Amino acid sequence: MILWLFLVACGHPEAPEAPKPSYAERTEWSAVQSPTTVPIVTLPAEAVPAPSSEVQLAPPAAGRILRWHVSPGDTITVDTPLADLASPQLTALRARVSTLSGRAQQARTQRDLMQASAASGVVSRMDLQAAQATLRETESELAGTRSELAAYGGQSGAGLTWTSAYDGIVGEIHCPVGPVQDGVSCLTVQRDRQVLLEVRVPARHLAALEGPLRADFTSLDGSHSPFVEVSRAPAIDRHTRSLLVQFRTQDDVMPGAAGRAVLSAPRAQDLFLIPRSALTRSDGVPSVFVGSADAPESRAVQVLGGDDASALVRGVEATDQVATRGVFLLKSLMAQEAQ
Amino acid sequence: MNLVAGLIAASVRHRWMVLFLTLLAAVGGVFATQRMTFDAFPDITNVQVQILTTAAGLGSEEVEMLVTLPVERSLGGVDGITELRSISRPGVSSVTAVFEDGTDRWLARQKVKEQVDIARGEIPESAGTPELAPPTTGLGEVFQFTVGSDSMQPHELYRVFERDIAPRLRSIEGVVEVNAWGGAIPQVDVRLDPYALVAHNISMTEVASALEDAVAITSAGDLSSGEERASVRASSNPETPEALADIVVRSDSNGAVLLGQLGTVGMGGGLTVGLGTADGEGEVIFAMVQLLAGADALSVVEEVRATLPQITAAIPTDVHIDPIYDREKLVGSTLETVSHSLLEGALLVVFILLLLLGNLRAGLLVASVIPLSMLGAFVGLAALGFSGNLMSLGAVDFGLIVDGTIVVVESILAMQLVGQSHRQNVVKTTQAVTRPVLFAVGILILVYLPVLMMSGTEGKLFRPMAVTVLFALVTALFLSFTYIPAAASLLLKPTGEHHTFVVRLLRRVYDPVMRRLQSFPKTVASLAAVWIVVSLALVMTLGVEFVPRLEEGDLVVQTARLPSISPQMAAQEVARIERILGSFPEVERVASRTGSPALATDPMGLEETDILIRLRPRDEWQAESTEALATAMATRLAVDAPGPEYTFTQPIEMRFNELLEGITADVGIQIHGHDLDELLALGQRYAAELDTIPGAADVTAPTVDGMPGVDIQIDSMALAAADLDAAAIHQMVAAVQRGVTVGSWRRGQYQEPIVLTLDIRQSTALADLPIVLPQGGHMTLGDVATVVETTTPAAIRRAGGSRRVTVQANVRGRDLGSFVEEARSRIDAVERPQGTWISWAGKYEQLQAAALRTAVSVPLVLFLIVVVLYYAFGAWRPAWLIFLNVPAAASGGVLALVARGLPLSMSAIVGFIALFGVAVMNGIVLLSRTRELHKNGTSQQAAIRSASERFRPVLTTALVAGVGFVPMAIATGMGAEVQRPLATVVIGGLCTSTPLTLLVLPTLYGWWFADEDVTAEDAPPDPLLPGTLV
């Protein structure tokens, strides 16, 4: 009884208040970003040669390609051997040079004899002039044939080394080793290394891609290059429901390179970039936590695009801080509070 | 009676034979005991068959539609099913068919299996294959361990587990399954870059086809040559992922495109529906050895422990196996507690016998009946299929068992030699006590009948105990009329009315008091009545607990988070909690299982985790109790790991709750229907309605956590315009995360699947996923389908063939019946949408059923006791006088509970039942003699003389019954919490009923039965042998 009275008189000692959990250590916050251009969408892209810079090379003669010395992507200069050819046309030319050489020699001898005879008056002046004309014709024909032969390059025998007449980068090789017709384009040379990046943009994205676009291209081998928009097709392709957009770069990009491109556009005023880790979903809609660790607030946002690291959203303010770590924790605590 | 008399005579006549047969029976009993199974607790699981399907990657609604519904439909007409419920979660379907209690488990499985085989045809291959859960019970998780490695990837670890560890353990007799959380099924991951596919203008279908062709085996049959033959086969089976990457997917004039150009090829792990972690150090495999229903937990665990070192020696050295849960610890500790209580109880009984009988031989002879009767109980338990456990063995009171034996031995010891041979004297003396002993033990057996009639959980818990006591009582009774007289005729020498010092001392106090009280019968009666009424009124102050919580020695923390949590985040968060829990000095190890195991016996979502805490031995603790430790842990977690909801429980308790999956509140309204949103809205309305009813408390409206989802709705017109087929889109969507299996490569006797997935960055919007068009070029998924963000239910529960949500409420300050009646009328008044219906459930059903059973069985048994008493005495009045012992005993039990601060539980109620038996038995022992003596004198004389004569046997039986329970009442070991209320009630009750028997009963008899007094000349000679106590 005494003990009871004592306890009643003293009252129950105050239970020590449990320390409040701190979320500061378990969350990270960062400011929203408002760059001038913002990533919108990632799409397949392919680097193609610019039409004006492309040269199609045909072999100098019909015949048979024995071996290619170059492959796509090789840088070549004038006189770089392209391929070895075996050509019946070359053989015919050589035979003709030989014939014409013989005939020229014969015409020269005839003219010299007639010149000597003309001094003694045995040969008339007209005959001499005729001999000299024959010689000139023959030598002229020989020079033309030799020049034609010289166009095949420095070669001997029946073979021929096809050399480049341009500087540039070997694009596609269209002719496999084997017979080849005269005048058929066998090799594409990109003369000034200019490529265009082609991206087919789905129609549904066009509204968000107004203004000059930028494309951050990542090829399948992992190399990155920035491109800027140069043109858009006049109409949407009905079959693929997309619009062809072309970009140009100053970088050295291989024609034919394929990969993906992140398209960026000038930022609208009410759109901001936030780290992807800040995004969550509350009540079925995308949302972020803004404020601070002590006073987090869930805010619904509209996601309009982004890239690997960032999301482009509408619904936050330029001065907002968003939670980038501990988002799930904040969401859990909010759900507990709601219960 | 003649039969028993003949048995006694024959036993003494052939005493050596009887002793030999007793020995033989004991040896047989020992052998039978070895076939008995042991576990910590009785199994309270109902007869149920679970049908489990793992369909990794499917959402809950798809799981419900593709798997759960066909399985449920197939089980619709199976005979004997009382409940059919299911849960569909992302990746997991679990359908549970509960059969009537008593149904043969194997027959139930057979019936279910036949139907499930039919259902398999309706389930698409990609949605998994339904399988029957292993035939185990709530006590099945007997050994749990983790498999970790410092260097191996999860799929490599899983390979070791599935090839080298699990099969060895599965081969142990009694092990039905070795189930695992975490790791990952090894597979060849072909991760295709969707942009590379576009660049090369190759579709996924083309890649899949190339892979199927590249990894194949073809048999050409046998090639005969002369007299012999040889089988011919062609196979292509790349040896390494690099070799697989070199297969040609397409070859044309532009050259060949190799698989490696389209993506990466490497070994990896399949999607998982569960995770294992341990000690805050990251992912491991959490494995669980499951016991076959009815197998012996103790021997299986012993064999598992013996096998593990052999396994460890055969697996790579950096793979370590660490136990986290070992049932042997619990079973061993519980059986140790039980053995200690039984042994100490037995020794105390012998000591009391020595003290009161003063004869060592007599004491030892009575004591020898204890092990023999226990062997009888073991044989009975084994024959009926019960296991030895805390409940079946822990509540046996040897004092109670040998009460009848004590009366026999005491009478033989006290008999007067009347000139006949010693054997004849033994026979006659034993025959003389046959009737009271039979009645007394009969009453003991009778009082245990309500326990045998219990059903449901309490029945499963306490019936084995009643069976044990009954078998032990019957064995002891049989031995009292066979073995005891036979042995007594050889060993005991009668000492006549010899009283020990203790008895003499007590009688010196007792006799004068008892004589004095005869003068104040009304005062005594009034005081007794007041005492009984006051103490019984204290019942109202007692707390109520259905069954005491069994301490298991280990803890489980269950955590629940939002269902949107990713596996990586889940593993990270669980590791954090493990580190916090591991820092407690009481904790030896912490390991966790998140989500569902490979065979989803426990269908949890990735948001749910069971954290198993292996505790150090109690003497190393700083915390005062498990409860204090759990509170400290909960406080710490709330501060350092906020976010999830924490529930503290224990391994077996948790498993029982999961399997029984009952409604835990007093009243539950189950709302059935098809539209989940509609059900939830109706649930909210019902909850609001219940909340307004007086007495309603803790009203809980149904909630279903939402899980974010992405719904891809294919536009068939757009598909046609693009010349695409839906199959290609489905294949592509499947490859987003789950993957498309395109064959398997062979590694020795195992096969590992080759799975195509798309290498999609986290940031890629699914609508922008490029699709290669058949005629060249590409489109995006968003051009041929609408991609919608949705929220799907994290789990869909069904019962009775429809979706189900539950509203729950407790009732306080009002009787349950009237509350339910009002609630029913109020809820019926709420308009229900068409297609919905409700059913009522909750504890009130159990309580109503239990109350009904008690209302029938207890009065029936009490009436039967009175009838037996009437039959014993041939009159109603003595019967009712003895019956007074019941409230008197109850009053002591209640006071003892109040004094120890224990609540009224089923354990205490069973204690009351035992107590009534002893109290009534003592009344018979006393009043049988009083009635005999009354024939020769006045009621007062008879009362005084009989009380004096029966003082020793009454005191002896009461003391041994009470003292036998003392070790249980004060035990603190594992399992003691169940024994404690029972033992406390018996001891407390005997403390009040014994004085009543010895003081109040004679006083009241002298007063109430004076009208039956006979004159001296009418009196017949005393039929009993002079000096015989009974």
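# Close-up views of a two-chain predicted model

**View 1. Chain A at a glance.** Four helices and 22 strands make up the secondary structure found in chain A. Please keep in mind throughout that this is a predicted model. Of the 339 residues in chain A, 30% are buried. Long-range contacts are a good thing to look for here: among contacts between residues at least 6 apart in sequence, 73% join residues at least 24 apart.

**View 2. How far to trust chain A.** The average pLDDT of chain A is 82, and 90% of the residues score at least 70. Confidence is highest in strand S12 (residues 214-219) of chain A, at 93, and lowest in helix H1 (residues 2-10) of chain A, at a mean of 33. Residues 1-16 of chain A keep a pLDDT under 50, and for this stretch the model has zero contacts beyond four places in sequence. Where pLDDT is low, the predicted coordinates should not be read in detail.

**View 3. Two domains of chain A and where they touch.** The domain assignment splits part of chain A into domain 1, built from 53-86 + 159-192, and domain 2, covering 88-151. Taken over C-alpha atoms, the centres of domain 1 and domain 2 of chain A are 36 Å apart. Five residues from domain 1 of chain A and four residues from domain 2 of chain A take part in the contact. On the domain 1 side, the touching residues are four nonpolar and one polar, with no charged residue.

**View 4. The contact between chain A and chain B.** Here 28 residues from chain A meet 29 residues from chain B. On the chain B side, the elements that give two or more residues are helix H6 (194-200), helix H22 (626-640), strand S23 (706-714), strand S27 (778-780) and helix H27 (781-784). H6(B) brings the largest share, four residues. Sorted by class, the side of chain B that touches chain A holds 14 nonpolar, eleven polar and four charged residues.

**View 5. Strand S14 of chain B and its surroundings.** All nine of the nine residues in strand S14 (residues 283-291) of chain B are buried, so this strand is largely enclosed by the rest of the structure. Strand S5 (residues 141-149) of chain B runs antiparallel to S14(B), joined to it by six bridges. Strand S6 (residues 175-181) of chain B is also antiparallel to S14(B), again with six bridges. To find your bearings, look for Phe286(B) in S14(B): Thr146(B) stands opposite Phe286(B), and Trp181(B) stands opposite Phe286(B) too.

**View 6. The hairpin leading into S14(B).** Strand S13 (residues 274-278) of chain B pairs with S14(B) in the antiparallel sense, over two bridges. Thr277(B) has Glu283(B) of S14(B) as its bridge partner. Four residues lie between S13(B) and S14(B) in this hairpin, and Asp279(B) in the turn has a positive phi of about 55 degrees.

**View 7. Helix H11 of chain B, end to end.** Helix H11 (residues 360-384) of chain B has 25 residues and spans 37 Å from its first C-alpha to its last, close to the 36 Å expected at 1.5 Å a residue. If you are following side chains along a helix, a handy reminder is that an α-helix has 3.6 residues a turn, so residues three or four places apart point the same way. Just after H11(B) comes Gly385(B), whose phi is positive, near 85 degrees.

How values were computed. Residues numbered from 1 in each chain as written. Chains lettered and ligands numbered in written order. Predicted model: local features only at pLDDT ≥ 70, side-chain atom pairs only at ≥ 80, totals over all residues. Domains from an automatic or database assignment. Contact = placed C-beta atoms within 7 Å. Nonpolar A, V, L, I, M, F, W, Y, C, P; charged D, E, K, R; others polar. Buried ≥ 20, exposed ≤ 12 C-beta atoms within 10 Å, placed from the backbone. Expected span 1.5 Å × (residues − 1). pLDDT = per-residue confidence, 0-100. Pairing = 2+ DSSP bridges.
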